[in-house]
Each structure stands twice: as structure tokens, then as C-alpha cells.
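I opened my notebook for a fresh look at a protein model. Here is what I looked up, entry by entry.

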Amino acid sequence: DEALGVGEPGFVRYDFHEPTALPPALAGAFRCVVIDPPFITVDVWRRYIETARHLLQPSGGVVILTTVIENAGLLAETLGATPHTYLPSIPNL
């Protein structure tokens, strides 16, 4: 939706098909990146990984992400991520 973010000075449009097509000031500017992709295929993850590396400071940083366990090998190999199981509990639901 092109109208999303109109008038919002901090809004940055992101398209995972263009992983590093972001404002130059964001490159290497973050100590932490959170990734919760709408798709969990390997091809999509490779693009998100490229974006995370682009955004993280040159010395590295923390990556917090959500995915299925089947992607654990790829994420360990590329980001050094280790799985941590989180099972939310919502009483009375």
C-alpha cells in the first residue's frame, strides 16, 4: 500500500525483493534487528538475512527472529542464530 507511511517522517518503505534498497543512513546503524517475515521459505529468509547484515553495525549485533525450526540450520550458518523455544500461554483462551 503506497499510502502507508504518508506524512510519517520516520517511515521507511521496505520490499524484501530489494533487500538493501534502504536509505544510506540506515546501513550499519543498528545494534539490534528484529525479523518477523510474512513468509518463511529459504529464498525469502536469504533476503531478510541480507537486509539484517546491511542494517547491523560493522561489529555485528543482536538478531531477534521468528520462524519454524526447519530454518534453524540456515539461520545458524548465516547469522549464528540459535533456536530458543517460546510457547506463549494465554489463559482462558
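I began with Leu75 and listed its contacts (heavy atoms within 4.5 Å). Setting aside residues up to four places away in sequence, I found that Leu75 touches Trp45, Ile49, Leu65, Thr67, Gly80 and Ala81.

A note on my source: this is a predicted model, where local features need pLDDT of at least 70, side-chain atom pairs count only at pLDDT 80 or more, and totals for chains, interfaces and linings use all residues. Residues are numbered from 1 along each chain as its sequence is written, and side-chain values use heavy atoms, with hydrogens and water left out.

Next I looked up the largest nonpolar core, meaning buried Ala, Val, Leu, Ile, Met, Phe, Trp, Tyr and Cys residues joined through side-chain atoms within 4.5 Å. This core has 14 residues, and Leu75 is among those with the most contacts inside it, along with Val33, Ile35, Trp45, Tyr48 and Ile49. Strand 1 (32–35), helix 1 (42–55) and helix 2 (72–79) each supply at least two of its residues; helices (H or I, at least four residues) and strands (E, at least two) are DSSP runs, numbered from the N terminus. Helix 1 gives the most, six residues.

Then I turned to Ala81, in the segment after helix 2. Is Ala81 buried or exposed? Buried means under 20% relative accessible area, exposed over 50%, partly exposed in between (1.4 Å probe, protein chains only). Ala81 counts as buried because its relative accessibility is 18%.

For contrast I checked Val34, in strand 1. Val34 counts as exposed because its relative accessibility is 61%. The C-alpha atoms of Ala81 and Val34 are separated by 12 Å, with the two residues 47 apart along the chain.
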